[in-house]
Amino acid sequence: MQLVEAVYRATSTFPADERYGLTAQLRRAAISVPSNIAEGAARRSTSDYLRHLSFARGSLAEVSTQLEIARRLGFCTASSIDPELLDRTFARLNALIRTHERRIREPDAFPESPIPNPQSHA
């Protein structure tokens with residue numbers, strides 16, 4: 001969510017003729033990251049969740065690439081969006097993906113929670 005906010009702040013200074021170009025593309029890709037994570041989390045299977053996490057990672061790569069394009073075109077600087085924010089977002093997303101991939105490979109490594117969930121038996 002912080003990345004989406006940062007992208008919106010940075011793109012608000014882009015040239016007006018980029019409103020339907022790079023500005024819209026960057027904002028769409030940034031919004032897609034948390035949206036795909038949320039949609040995947042709402043799914044009922046780990047494989048669906050992983051698929052959406054992969055979509056989110058792809059969108060994050062788009063954001064990274066489009067920010068570099070914007071920088072090269074002079075629309076923003078390297079510090080317009082904290083590079084650490086992008087790196088942390090990639091790291092967290094990759095860690096989440098690895099955890100759920102491990103959950104599929106090694107189901108016994110993640111025991112059932114002792115706290116009952118009445119919705120899980122529906």
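Here are three short exercises on this predicted model, each with a worked solution.

**Exercise 1.** Work out which secondary structure elements the protein has, and how much of the chain is buried.

*Solution.* Start with the count: there are 4 helices and 0 strands. Reading from the N terminus, that gives the order α-α-α-α. Next, look at burial: 31% of the 122 residues are buried. Now turn to the surface, which adds up to about 8100 Å², with carbon and sulfur atoms holding 53% of it. To finish, check the contacts between residues at least 6 apart in sequence: 63% of these link residues at least 24 apart.

**Exercise 2.** Decide how helix 2 and helix 3 are oriented relative to each other.

*Solution.* Find the two elements first: helix 2 covers residues 22-42, and helix 3 covers residues 46-72. Their axes come within 8 Å and cross at roughly 160 degrees. Anything over 145 degrees counts as roughly antiparallel, so helix 2 and helix 3 are roughly antiparallel. As for handedness, this crossing is left-handed. Sort the residues in the contact by class and you get 16 nonpolar, 7 polar and 3 charged.

**Exercise 3.** Place H52 in the fold and settle whether H52 is buried or exposed.

*Solution.* Begin with the location: H52 sits in helix 3. Then take its relative accessible area, 7%. The cut-off for buried is under 20%, so H52 is buried. Last, ask who touches it: setting aside neighbours within four places in sequence, H52 contacts N36, E39, G40 and R43.

Terms used:
Residues numbered from 1 in each chain as written. Predicted model: local features only at pLDDT ≥ 70, side-chain atom pairs only at ≥ 80, totals over all residues. Heavy atoms only, no water. Buried < 20%, exposed > 50% of the residue type's maximum accessible area, 1.4 Å probe, protein only. Contact = heavy atoms within 4.5 Å. Areas by Shrake-Rupley, 256 points an atom, 1.4 Å probe, with all protein chains shown as cover. Axes fitted to C-alpha atoms, helices over the stretch in contact; angles between N-to-C directions. Parallel < 35°, antiparallel > 145°, perpendicular 65-115°, else oblique. Left-handed = near helix turned anticlockwise from the far one by under 90°. Nonpolar A, V, L, I, M, F, W, Y, C, P; charged D, E, K, R; others polar.
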